[in-house]
Amino acid sequence: MPMNTVAVIGAGASGLAAIKCCLDEGLKPTCFEKSEDIGGLWRYKFNSEDDRASIYKSVIINTSKEMMCYSDYPIPEHFPNYMHNSKIMEYFQMYAEKFNLLNHIQFKTTVCSIKRSPNFSTSGQWTVTTEKDGEQEVTLFDAVMICTGHHTFPNLPLSSFPGTEHFKGQYLHSRDYKLPDTFKDKRIVVIGIGNSGGDIAVELSRTAQQVFLSTRRGAWIVNRVSTNGYPVDIAKLSRFGSLIQKTFPNLLNCMAEKEVNQRFNHGNYGLLPRHRFGTTAR
């Protein structure tokens with residue numbers, strides 16, 4: 001019986017794991033990566049590229065190394081609990097080399113289209129058209145795995161901000177932010193209190209004249225470091241905690257809200273949200 005072929009689109013965090021899992025199952029993966037290297041989102045570049053996720057230079061992971069590592073390849077002990085993007089890239093390179101994944105990746109190769117083959121109803125195969133160095137190639141695969149992530153295209157709803165066409169200052173999406181130096185002595189408003197918004201506002205506050213952080217609703221601010229210096233996800237996320245959350249959700253919410261408010265009172269900073277801790281704002 002012929003070995004099943006699998007097309008893996010993207011050589012980022014998910015793409016590398018997909019290649020490894022295919023090999024473990026005796027499949028024949030071929031990964032197509034549009035850029036010249038692995039890493040996807042976590043490979044920092046000063047200039048943003050179209051159709052590719054982009055990060056700022058200071059980005060540090062929000063998940064501890066114990067929680068984010070591949071199950072079959074722990075992150076080295078001497079790496080920090082919360083890694084800078086350069087360390088994440090170093091780990092990915094170690095992982096790819098350890099399991100010989102690079103031999104299954106075609107770099108600088110764009111996937112132009114993925115279609116069902118003419119006999120898909122009987123074969124279940126897919127027709128994948130790729131392009132490299134100006135030349136296209138069509139290949140049949142038994143399966144396709146899309147590993148391109150969901151941070152590629154920025155959401156910049158300018159229609160929600162009337163008057164931007166008359167604004168004489170600079171506006172940009174966080175994907176185009178790289179360093180704080182170019183914003184020295186400027187007055188800046190950062191819109192959004194998610195991970196990127198909080199990071200960028202703090203970083204800019206050290207060089208800008210004044211920084212405003214704008215949010216349409218409150219938010220619970222959680223530190224990366226928890227009790228006794230342990231990473232918060234290691235200290236707080238457990239099967240027992242999950243059981244308590246399902247059985248007594250209000251009790252766990254009260255405990256968590258009390259703990260984060262001990263660090264700083266959210267009400268004093270106008271950040272107290274209407275939604276409970278651990279729930280989604282509506």
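## Accessibility and a nonpolar surface patch

A residue is termed buried under 20% relative accessible area, exposed over 50%, and partly exposed in between. In this predicted model, I234 has a relative accessible area of 36% and is therefore partly exposed. The residue belongs to helix α6, which covers residues 232-236. Together with M67, Y230 and L237, I234 forms a nonpolar patch on the surface, and the accessible area of these residues together is about 400 Å².

## Overall architecture

The chain contains 8 helices and 9 strands. Its C-alpha trace spans about 65 × 55 × 40 Å along the principal axes. Of the 282 residues in the chain, 32% are buried. The accessible surface amounts to about 18,100 Å², and carbon and sulfur atoms account for 53% of that area. Where contacts join residues at least 6 apart in sequence, 51% of them link residues at least 24 apart.

## Nonpolar cores

The largest nonpolar core has 37 residues, among which L16, I38 and F92 touch the most other members. At least two residues of this core are supplied by each of β1 (5-9), α1 (13-24), α3 (85-98), β8 (187-191) and α5 (195-204). Helix α3 provides the largest share, with 6 residues. A second, separate core consists of 5 residues, including A7, I9, F32 and V128.

The surroundings of I38 can be described in more detail. Leaving aside residues up to four places away in sequence, I38 touches A11, L16, R43, M89, F92, Q93, A96, L102, I105 and F107.

## Aromatic pairs

The model has 14 aromatic pairs. One of them joins F120 and W126 in an edge-to-face arrangement, with 5.0 Å from centre to centre and 70° between the planes. F120 has a relative accessible area of 22% and is therefore partly exposed; W126, at 26%, is likewise classed as partly exposed. Elsewhere, Y70, Y73, Y91, F92, Y95 and F99 make up one aromatic cluster. F92 thus appears in this cluster and is also named among the residues of the largest nonpolar core that touch the most other members.

## Salt bridges

The structure holds 10 salt bridges. Within helix α1, K20 and D24 are 4 residues apart, about one turn of the helix, and their side chains meet in a salt bridge with an N to O distance of 2.8 Å. K20 is nevertheless buried, because its relative accessible area is 8%. In helix α3, E90 and K87 are 3 residues apart and so are separated by about one helical turn. Their side chains form a salt bridge at 3.4 Å, N to O. Both residues are partly exposed, E90 at 32% relative accessibility and K87 at 26%.

A network of salt bridges links E36, R43, K45, E49 and R52. Within it, the closest N and O atoms of E36 and K45 are 2.8 Å apart. E36 is partly exposed, with a relative accessible area of 39%, and K45 is also partly exposed, at 23%. R43, a member of this network, is in addition one of the residues touched by I38.

## Selected residues in loops and strands

T127 lies in strand β5, residues 126-132, and counts as buried because its relative accessibility is 18%. Apart from residues up to four places away in sequence, T127 touches S113, I114, K115, R116, S117, P118, V138, T139 and L140.

A219 occupies the loop between β9 (210-214) and α6. With a relative accessible area of 14%, A219 is buried. Residues up to four places away in sequence being excluded, its contacts are I193, H266, L271 and P273. A219 and E33 are 186 residues apart along the chain, and 37 Å separates their C-alpha atoms.

D50 is located in the loop between β2 (28-32) and α2 (65-68). Its relative accessible area of 68% is over 50%, so D50 is exposed. D50 and S242 are 192 residues apart in sequence, with a C-alpha to C-alpha distance of 40 Å.

Conventions: Residues are numbered from 1 along each chain as its sequence is written. This is a predicted model: local features need pLDDT of at least 70, side-chain atom pairs count only at pLDDT 80 or more; totals for chains, interfaces and linings use all residues. Side-chain values use heavy atoms; hydrogens and water are left out. Patches are made of residues with over 30% relative accessible area and no salt bridge: like charges are joined within 9 Å, nonpolar side chains (Val, Leu, Ile, Met, Phe, Trp, Tyr) within 5 Å. Accessible areas come from the Shrake-Rupley method with a 1.4 Å probe; for residues, only the protein chains shown count as cover. A salt bridge is a side-chain nitrogen of Lys or Arg within 4 Å of a carboxyl oxygen of Asp or Glu. Buried means under 20% relative accessible area, exposed over 50%, partly exposed in between (1.4 Å probe, protein chains only). A nonpolar core is a set of buried Ala, Val, Leu, Ile, Met, Phe, Trp, Tyr and Cys residues joined through side-chain atoms within 4.5 Å. Contact means heavy atoms within 4.5 Å. Rings of Phe, Tyr and Trp (its six-membered ring) pair if their centres lie within 6.5 Å; planes under 30 degrees apart count as stacked, over 60 as edge-to-face and the rest as tilted.
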